[in-house]
Amino acid sequence: MNDEDLARELAHLHADTTAGIKAATPDDMNGPIVLANGMWANLWHGVWRVTADRDGAETIGRFVAPTLDECRHWAGAELRDSKH
């Protein structure tokens, strides 16, 4: 492989990666995704689970929902209702 072949291959990989990132939605990710009020969302057995720790190791989730948007709404409401 020469330098031109390598440059062509890297350009192709970059284009594929860029297209994949632009086409991705938040539901394509599995977490951890930071939410409001110090909460984190992780995809766990097909559902989104909100925990206070980044790795989702908390044994009881604070909130569970089928979509990430529902987790975001819940965390936002918790933040709005908190005394902070």
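## Pairing of the strands

Two strands are said to pair if DSSP finds at least two bridges between them. In this predicted model, strand 2 and strand 3 pair in the antiparallel sense over five bridges. One of the links between them joins Leu43 to its bridge partner in strand 3, Trp48.

Strand 3 also pairs on with strand 4, which covers residues 63-65. These two strands run antiparallel and are joined by three bridges. Trp48 takes part here too, since its bridge partner in strand 4 is Ala65.

## The chain as a whole

The chain contains two helices and four strands. Read from the N terminus, the order of its elements is α-β-β-β-β-α. Of the 84 residues in the chain, 19% are buried. Among contacts between residues at least 6 apart in sequence, 20% join residues at least 24 apart.

## The hairpin and His45

Strand 2 spans residues 40-44, and His45 is found in the loop between this strand and strand 3. The hairpin formed by strand 2 and strand 3 has two residues between the strands. Within this hairpin, His45 takes a positive phi near 55°, although His45 is not a glycine.

Is His45 buried or exposed? A residue is called exposed when its relative accessible area is over 50%. His45 has a relative accessible area of 72%, and it is therefore exposed.

## Strand 3 and Thr51

Strand 3 is mostly covered, with four of its five residues buried. The strand comprises residues 47-51, and Thr51 lies in it. The term buried applies under 20% relative accessible area. Thr51 counts as buried because its relative accessibility is 0%.

Which residues does Thr51 touch, leaving aside those up to four places away in sequence? They are Met39, Trp40, Asn42, Gly56, Glu58, Gly61 and Arg62. In addition, a polar atom of the Thr51 side chain lies 2.8 Å from the backbone oxygen of Asp53.

## The nonpolar core

The largest nonpolar core has 11 residues in all. Its members are Ile33, Leu35, Met39, Ala41, Trp48, Val50, Ala65, Leu68, Cys71, Trp74 and Ala75. Strand 3 and helix 2, the latter made of residues 68-81, each supply at least two residues of this core. Helix 2 gives the most to the core, with four residues.

## Helix 2 and its two sides

Helix 2 has 14 residues, which should span 20 Å at 1.5 Å a residue. The C-alpha atoms at its ends are 20 Å apart, so the model agrees with the expected span.

Where do the buried residues of helix 2 fall when seen down its axis? The buried residues are Leu68, Cys71, Trp74 and Ala75. They fall within an arc of 120°, and therefore line one face of the helix. The cover over these buried residues includes strand 1 (residues 33-34), strand 2, strand 3 and strand 4. On the face turned away from the buried side, helix 2 carries the exposed residues His73, Arg80 and Asp81.

Key
Residues numbered from 1 in each chain as written. Predicted model: local features only at pLDDT ≥ 70, side-chain atom pairs only at ≥ 80, totals over all residues. Heavy atoms only, no water. Buried < 20%, exposed > 50% of the residue type's maximum accessible area, 1.4 Å probe, protein only. Polar contact = N/O pair within 3.5 Å; in protein donor to acceptor, adjacent residues only side chain to side chain. Contact = heavy atoms within 4.5 Å. Core = buried A, V, L, I, M, F, W, Y, C linked by side-chain atoms within 4.5 Å. Expected span 1.5 Å × (residues − 1). Arc of directions from axis to C-beta.
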